[in-house]
Amino acid sequence: MSKTYLTGIQSTGMPHIGNYLGAIKPAIDFSNTADGKFLYFIADYHSLTSLRDPKAISEGIYEVAAVWLALGLDTSKAIFYKQSDVPEIFELTWILNCHIPKGDLNRAHSYKAAIAANEENGKKDLDHGVNVGLFGYPVLMAADILLFDTNIVPVGKDQVQHVEIARSIAQRINGQYGQLLTEPLESLSEGEYIAGLDGRKMSKSYGNSIPLFATEKRLKKLINKITTDSTGPDEPKSTEDSLIFDLYKLFANETQINSFAKDFKEGISWGHAKAGLFEVVNDHLAPFRQRYNELMENRNLIDDELEAGAKKARIIAKETISRLRKNIMGLKS
Ligand code: TRP
């Protein structure tokens, strides 16, 4: 039996180069080449646990959708939709809410982190700033997963506990009512560790990231900010532990890499090295960037894709919900 793969994408705006190389590109390549059913969706309602800005939420959805489509996600191979277009997810969330012990959520990392922060800041109420949606975040995520009889959830390390919670709810329900839900497994999707401008892991929160489709001007500016040492312009430079060289390798072909390595050995100024890096990164991204800009100017194309995806997703969603309404609620459908 072919497997169902599902993963959710946060709609928190333009992804960076690390997200692209570590997660988005592998996911698109995988859906283009592997056997199975693929569901990739934008988890827009998850963002409501923290965002209070309708414009920002809507903009984030378009940006993320445009990135995936511009990078060549084939929507005939992967069902691509946004969470808010599939109301069955929220019905399932309630069903799951009524089956998960509150204590399991008390132990969720993200909730525990919020409590710990309040404790550290001397807040009397340890639940300060925690809305019920944030507390129940893992349940909504479990509904995302379980609604589609997902076998495999490709996620980063930080999301593994959430998949475990989904699996545990499925097991509990299956134990009680018979085999109603597929019990999902996680698969660690994070590829290589991509370093940011300062050498630490590239991350929006470190402020060291390069947005995937920054304008050429901004891309150049950011690359010029890469931390370098004080070796003089004509001195030979090591390609080991060189941020510039490492990033170059991710975007260049074999011949370019060999010639860049030779330049390093013979002595290349950091300025020239950065210019070389800019060129390979920009050459790689320019066609995708153009497609991205076109999509952002024709948002109806994005709407159409997401709508078509939601239609396909809801066919599966309705089947699952009807199964649960019958077996858990005793309803006719
Ligand atoms: N919580 C995930 C993240 O922060 C996003 C997400 C929401 C998700 N629902 C999901 C991931 C279902 C996988 C499956 O990245």
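**Figure 1. The whole chain, with 13 helices and 5 strands.** This is a predicted model, so keep that in mind for each of the views that follow. Along its principal axes, the C-alpha trace spans about 80 × 50 × 40 Å. The chain has 333 residues, and 47% of them count as buried. Look at the contacts between residues at least 6 apart in sequence: 76% of these join residues at least 24 apart. As for the outside, the accessible surface comes to about 17,100 Å², and carbon and sulfur atoms account for 51% of that.

**Figure 2. A look into the second largest pocket, with a volume of about 320 Å³.** Its lining is made up of 17 residues, and those closest to the pocket centre are Thr49, Thr93, Val132, Gly133 and Leu140. Which helices help build the wall? At least two lining residues each come from α3 (88-97), α6 (132-135) and α7 (137-146). Sorted by class, the lining has 9 nonpolar residues, 7 polar ones and 1 charged one. As a reminder of how such spaces turn up, rolling a probe the size of a water molecule over the atoms shows where empty space is left.

**Figure 3. Gln161 and its neighbours in the model.** Gln161 sits in helix α8, which covers residues 160-177. Is Gln161 buried or exposed? With a relative accessible area of 15%, Gln161 is buried, because the cut-off for that label is under 20%. Leaving out residues up to four places away in sequence, Gln161 touches Arg107, Ala108 and His109.

**Figure 4. Lys25 and Asp29, a salt bridge within helix α1.** The structure holds 13 salt bridges, and this view zooms in on one of them. Side chains of opposite charge can pair when their charged atoms come close. Here the side chains of Lys25 and Asp29 meet with an N to O distance of 3.3 Å. Both residues belong to helix α1 (residues 17-33), where they are 4 residues apart, or about one turn of the helix. How accessible are the two partners? Lys25 counts as partly exposed at 32% relative accessibility, and Asp29 gets that label too, at 35%. Partly exposed is the right word for both because it covers the range between under 20% and over 50%.

**Figure 5. Arg200 and Asp198, another salt bridge in the model.** Zoom in on the two side chains and you'll find them meeting at 3.1 Å, N to O. Arg200 is partly exposed, with a relative accessible area of 41%. Its partner Asp198 is also partly exposed, with a value of 34%.

**Figure 6. Glu294 and Arg291, a salt bridge within helix α12.** The closest N and O atoms of this pair are 3.3 Å apart. Where do the two residues sit in the helix? Glu294 and Arg291 are 3 residues apart in α12 (residues 270-297), so about one helical turn separates them. Neither partner is tucked away under the burial cut-off: Glu294 is partly exposed, with a relative accessible area of 34%, and Arg291 counts as partly exposed at 36%.

Key
Residues numbered from 1 in each chain as written. Predicted model: local features only at pLDDT ≥ 70, side-chain atom pairs only at ≥ 80, totals over all residues. Heavy atoms only, no water. 1 Å grid on protein atoms, 1.4 Å probe; cavity = no way out; pocket = protein on both sides within 12 Å on 5 of 7 lines; lining within 4 Å. Points joined across faces, edges and corners; volume = space filled by probe spheres on them. Nonpolar A, V, L, I, M, F, W, Y, C, P; charged D, E, K, R; others polar. Buried < 20%, exposed > 50% of the residue type's maximum accessible area, 1.4 Å probe, protein only. Contact = heavy atoms within 4.5 Å. Areas by Shrake-Rupley, 256 points an atom, 1.4 Å probe, with all protein chains shown as cover. Salt bridge = Lys/Arg side-chain N within 4 Å of Asp/Glu carboxyl O.
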